[in-house]
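Colleague: Could you walk me through one strand of this model and the elements beside it? I would like a close look at a single part.

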Amino acid sequence: MLSFKLLRSVILFLSLSVSLSSCFSRYIISAKEVRKHYADRKVKPKEIFIKNDTLSLSLASMGPDTLPMLLLIHGAPGSLWGYMNLMDDEDLQKHFHIVSVDRVGYGKSRLKKRRYVTSIETQAHALLPVFSLNKSDQKVIVLGRSYGAPIAARLASLAPEQVKELIMVSPVIDPETERFFWFSKWGRMSFVQLFLPASFNAATAEKYSHADELRKLLPVWEQLSVPTTVIQGGNDWIADPTNIDFAKKHIKSKRAQYIFLYNAGHMITFSHAAMIKEMLLKSRLFQEKITALQPKGEEMGNE
């Protein structure tokens, strides 16, 4: 009987692990998939490492470093390859030095003796050396998605003199609307974590400290001085749509605008990539009183 119970538990845990992995498989891109994706492409990213005594930071770079930098910060789980659609865009490549980075705890990015880094403050400080790669005479545009959005905001607040614009897409920034799912508690179990991708375990660690970390960030929003755009989808199942209301309430800068896409989901950098591209290329980010932006040939908010 005991052996049967043990076997049943093992089968349950394995099934749960497979289920959890499947839930977020689209956010995780393997090295094999990356190689296959770029095998026949003429323009390939250059992989870069920034290293010192305590930090190893993995990045992918597209375009000359003399062009203005567009820095892309992923969410949780995620990786620098989650922005391949923007990195591969030929028009963006002509106008930007595109840099996508693995946050510490993801991919090959690490802090010494730290398996996971749940602190937004530490995550942001770890990204400061990326600015040294900007060889243009212009400031950096910083774009953060989902859990990467508050880290992008903190980074911008740490070095406002180096940041031209901050773009937060599908941001998870309101500590009172942090969403937990049926699988969240199971993902914390050590035995289950043995069968899960490292990025999923890193995301779980962040998940359970995120609300507290966001509360620590509250004073930062009032002090945010760089031009800021917040883009939120009305059908977002990960970032509560009311995150945009939180942003409106707490960001005091007059150089902030808010775009609400009623029918968009969480992955706006894919579903509305044309809109984001148009905004970047035409410098339309900070026209006064913009509340929504409709890409040419698309209905507002359709994915």
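Modeller: What follows is a close look at strand E6 and its surroundings. This is a predicted model, in which local features need pLDDT of at least 70 and side-chain atom pairs count only at pLDDT 80 or more, while totals for chains, interfaces and linings use all residues. Residues are numbered from 1 along each chain as its sequence is written, and side-chain values use heavy atoms, with hydrogens and water left out.

As a setting, the protein has twelve helices and nine strands, these being DSSP runs of H or I over at least four residues and of E over at least two, numbered from the N terminus. Of its 303 residues, 55% count as buried, that is, under 20% relative accessible area with a 1.4 Å probe and protein chains only, where exposed is over 50% and partly exposed lies in between. Among contacts (heavy atoms within 4.5 Å) between residues at least 6 apart in sequence, 78% join residues at least 24 apart.

Strand E6 covers residues 140-145, and six of its six residues are buried. In a regular strand the side chains alternate between the two faces of the sheet. In E6, Val 140, Val 142 and Gly 144 point one way, whereas Ile 141, Leu 143 and Arg 145 point the other way, and all are buried.

Pairing, which requires that DSSP finds at least two bridges between two strands, links E6 to E3 and to E7. With strand E3 (residues 69-73), E6 pairs in the parallel sense over four bridges, and Leu 72 has Leu 143 of E6 as its bridge partner. With strand E7 (residues 163-169), which runs parallel to E6, there are six bridges, and here Leu 143 has Ile 167 as its bridge partner in E7. From E6 the chain crosses through H6 to E7, and this β-α-β crossover is right-handed, meaning that, with the strands pointing away from the viewer, the path from the first strand over the helix to the second runs clockwise.

The connecting helix, H6 (residues 148-158), is itself mostly covered, since nine of its eleven residues are buried; the buried residues are Gly 148, Ala 149, Pro 150, Ile 151, Ala 152, Ala 153, Arg 154, Leu 155 and Ala 156.
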